[in-house]
Amino acid sequence: MGSLRSLFKGGLLMLVSMFALTAMSSSAEPVPEQKTEVSSEYKVELQRNPDYACTQCHKDAKDGMHGAHSKAINPNNQLPVTCTNCHGKITPEHRNGVADAMRFNEDMFPVDKQNQVCMTCHQPEKLRTALWAHDVHILKTSCASCHQLHPTKDPVQGLDQKGQIKLCVDCHSKQQQQYHKEKETP
């Protein structure tokens, strides 16, 4: 009986040892690495149209932007251009008439402030290459003086040389008339 008990204990010990070795060997296998891309930057995705609040009051823009800006990607955030990209973020007082949104080609904001907004996306080197007049006018005339921002097609885009000269002559003629008018007025 004693030898049978010893044999049983030995068999049981061997069975437990084999089970332990199997468990250890399976746990020693390398765990496949999970490939997760962890960004150090938290990204927020907008859940609604960022222009929605603007178009609730500005009904003329309810169909969205037209022209080149409607299809443009903001190079600063790689997202479609929105109203606030150019006009800035408004305050709650905006609905009460406070002029806190950037308006282009109006005296409310100085030319350099207006053009700074344009220059956040439009690179001066490319503008210089497109037309020399950009360099001459950048500090004195707003971009919106020649370019229209929301139409389906900006009339200035695609002007031939004759059309560009006409644009210059028309504007400078108005300036000359204004100058002479102010000079003659006592």
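**Figure 1. Methionine 102 and the residues around it.** In this predicted model, methionine 102 is in contact with Cys86, His87, Phe109, Lys113, Gln114 and Val117, leaving aside its neighbours within four places in sequence. Two of these partners, Phe109 and Val117, turn up again together with Met102 in the largest nonpolar core. That core has 7 residues, and its other members are Phe104, Cys118, Cys143 and Ala144. Such a grouping fits a broader pattern: in soluble globular proteins, nonpolar side chains tend to be buried together.

**Figure 2. Cysteines without a disulfide partner.** How many disulfides does a search of the whole structure find? The search comes back with 0. Take cysteine 86: the nearest cysteine sulfur belongs to cysteine 121 and is 6.4 Å away. A disulfide would need the two sulfur atoms to be within 2.5 Å, so cysteine 86 is in no disulfide. Cysteine 146 is in no disulfide either, with the sulfur of cysteine 171 as the nearest one, 6.2 Å away. As for their surroundings, cysteine 86 is partly exposed, with a relative accessible area of 26%, and cysteine 146 is also partly exposed, at 35%.

**Figure 3. A salt bridge between arginine 128 and aspartate 135.** Here arginine 128 pairs with aspartate 135 in a salt bridge, and their closest N and O atoms are 2.5 Å apart. Are these two residues buried, partly exposed or exposed? Arginine 128 is partly exposed, with a relative accessible area of 43%, and aspartate 135 counts as partly exposed too, at 36%. The count for the model comes to 2 salt bridges, and the next view shows aspartate 170 and lysine 166 meeting in another.

**Figure 4. A salt bridge within helix H8.** The side chains of aspartate 170 and lysine 166 meet in a salt bridge, with 2.7 Å from N to O. Both residues lie in helix H8, which covers residues 161-184. They are 4 residues apart, about one turn of the helix. Aspartate 170 counts as partly exposed, at 35% relative accessibility.

**Figure 5. Two loop residues with a positive phi.** Most residues other than glycine have a negative phi, and most peptide bonds are trans. Glutamine 78 has a positive phi, near 60°, and is found in the loop between strand E1 (73-74) and strand E2 (79-80). This glutamine counts as exposed, at 57% relative accessibility. Asparagine 105 also has a positive phi, near 65°, and sits in the loop between helix H4 (83-87) and H5. Asparagine 105 is partly exposed, with a relative accessible area of 44%.

**Figure 6. Threonine 82, a loop residue.** Is threonine 82, in the loop between E2 and H4, buried or exposed? With a relative accessible area of 11%, threonine 82 is buried. Not counting residues up to four places away in sequence, threonine 82 touches Pro50, Asp51 and Met65.

**Figure 7. Confidence along the chain.** The chain averages a pLDDT of 80, and 77% of the residues score at least 70. Among the elements of the chain, helix H5 (residues 111-119) has the highest mean pLDDT, 94, while helix H1 (residues 2-28) has the lowest, 55. Over residues 23-28, pLDDT stays under 50, and the model has 0 contacts for them beyond four places in sequence. Please look at this part with care: where pLDDT is low, the predicted coordinates should not be read in detail.

How values were computed
Residues numbered from 1 in each chain as written. Heavy atoms only, no water. Buried < 20%, exposed > 50% of the residue type's maximum accessible area, 1.4 Å probe, protein only. pLDDT = per-residue confidence, 0-100. Contact = heavy atoms within 4.5 Å. Core = buried A, V, L, I, M, F, W, Y, C linked by side-chain atoms within 4.5 Å. Salt bridge = Lys/Arg side-chain N within 4 Å of Asp/Glu carboxyl O.
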